[in-house]
Amino acid sequence: MATIQASSSSVSSFSRDRTSAASKTRESHISVPKLPCAGNLIHELNKRNGLQTINSAEMKPFIRTNLKNEEANGNWKAVEELYAIMEAVADRSEMHKNIGVQRDNWNRLLLNSLNGMTVTAATIAGLASLTGGGAPLLALKLSSTLLYTAATGILMVMNKIQPSQLAEEQRNAARLFKNLHQQLKTVVEVGRPSLNDVKAAMEKVLALDKAYPLPLLRTMLEKFPETVEPAVWWPREQQRSQQEETVGGGLERNNGWSEKLEEEMREVVGVLKRKDAPEYVRLSKLVLKVNKILAICGPFLTGVAAVGSVLDGSWAVALGVVGGALATVVNTVEHGGQVGMVFEMYRSTAGLFQLMEQTIESTLEEKDEEERENGELFEMKVALQLGRSLPGLQNLTATHSPSSPREFASKLF
């Protein structure tokens, strides 16, 4: 009996231990829900609120598209501004062309009127010597004196403004504005214009306005300068990107430059500095001296003739007639021969050579060849500007030395 009680107590004890172990086991297997990560939580909240979540991978193409759109908008803005500048340049070209025609007409009309007045005054002075005296003599002398005085005044004004030189200035301005218009058109149609191109175009327009002013008063170029210098119609500080404008904003890469080509261009610059530019500056000075002499002699002769037409005597008659005849010859040589125009032509040609020198030097100073204009294209442009073929340009640089008195670089002028 005792044995049965002991076994029953042990069984009950075992069952209690088993029950408590099972309850502990059940308590240890209670599942705890996992908290979502921050990204999933934000996505869940946005979903409940009706919003859409965009991750960084989805944002990258969107950001790239926005950057491209901003770049395109910048290009379109530059294109619009360049078109506005092109309209102004075309208007200026036409304006300078019309004013050049007008001032050329001034030169011809004033010269014809001046010679007609001078010849008439000389004829009247000769007829006065054949008149016996009295009122007819006084009328003839007074008429001759008035004509000579008027001719002297008109001639002084003509010598001051030099209408033939004014016309040449306007012709040069019209040609340069037309050239600038073509350059801008090439940039817009071929290249990728930027705001730097707009700034460079504005500087070129303002430089041309300063080099070839339209008004006669205050801003007119000095017709008899103390020192003769080549004409300058480009900005003093040219940007490095200038060479890229005419070839499409740097579309050409790694572009045909070699040490031989660089040496060839340096030799071209040396020939231009030694021969062409100094020669045309010398010619400009020579023509300016001739023009000064003629500008002084013309009014002096008409003034002497006016004094001779007032006085009596054979010498006075000779002064009145011969002075008028010589004045007609001098005026015809000065203004009919357009000496002022020749001076401006030589000065502009010297400026063209100086511009070529600066363009070549600024191109060679660029160390990165990929940022330069294409070498073969640049060589062809230089050859065309000098009126030479490519073999002719290479022969020029091969035969020239610093002390060589050989041909000039340019074949055009």
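pLDDT is the predictor's confidence in each residue, from 0 to 100. Keep it at hand, since this is a predicted model in which local features need pLDDT of at least 70, side-chain atom pairs count only at pLDDT 80 or more, and totals for chains, interfaces and linings use all residues. Residues are numbered from 1 along each chain as its sequence is written, and side-chain values use heavy atoms, with hydrogens and water left out.

**Exercise 1. Find the stretches where pLDDT stays under 50, and count their contacts beyond four places in sequence.**

Step 1: Start with the whole protein, where the mean pLDDT is 80 and 76% of the residues reach 70 or more.
Step 2: Residues 1–39 stay under 50, and the model has one contact beyond four places in sequence for them; a contact means heavy atoms within 4.5 Å.
Step 3: Residues 49–72 also stay under 50, with six such contacts.

**Exercise 2. Describe the architecture: how many helices and strands are there?**

Step 1: Helices (H or I, at least four residues) and strands (E, at least two) are DSSP runs, numbered from the N terminus.
Step 2: The protein has twelve helices and zero strands.
Step 3: For contacts with a separation of 6 or more, 84% join residues 24 or more positions apart.
Step 4: Of the 413 residues, 38% are buried, where buried means under 20% relative accessible area, exposed over 50%, and partly exposed in between (1.4 Å probe, protein chains only).

**Exercise 3. Which residues of helix 11 are buried, and why do they line one face?**

Step 1: Within helix 11 (residues 375–385), the buried residues are Gly375, Phe378, Glu379, Val382 and Ala383.
Step 2: Viewed down the axis of helix 11, these buried residues fall within an arc of 135°, so they line one face of the helix; the arc is that of the directions from the helix axis to the C-beta atoms.
Step 3: Turn to the other side of helix 11, and you meet Glu376 and Leu384, which are exposed.

**Exercise 4. Is glutamate 169 buried or exposed, and which residues does it touch?**

Step 1: Locate glutamate 169 in helix 5 (residues 163–190).
Step 2: Its relative accessibility is 2%, so glutamate 169 counts as buried.
Step 3: Leaving aside residues up to four places away in sequence, glutamate 169 touches Tyr212, Leu221, Lys223 and Glu344.

**Exercise 5. Work through the salt bridges of aspartate 104 and aspartate 312.**

Step 1: Side chains of opposite charge can pair when their charged atoms come close. The rule for a salt bridge is a side-chain nitrogen of Lys or Arg within 4 Å of a carboxyl oxygen of Asp or Glu, and the count comes to 13.
Step 2: Aspartate 104 pairs with arginine 108, their closest N and O atoms being 3.7 Å apart. Both lie in helix 3 (residues 56–130), four residues apart, about one turn of the helix. Arginine 108 is partly exposed, at 42% relative accessible area.
Step 3: Aspartate 312 pairs with lysine 141, with the closest N and O atoms 3.3 Å apart. Aspartate 312 lies in the loop between helix 8 and helix 9 (314–336) and lysine 141 in helix 4 (residues 135–161), so the pair ties together parts that are 171 residues apart in sequence.
Step 4: Compare the partners: aspartate 312 is exposed at 65% relative accessible area, whereas lysine 141 is buried at 15%.
Step 5: Finally, salt bridges that share partners join Glu262, Glu263, Arg266 and Arg372 into one network.
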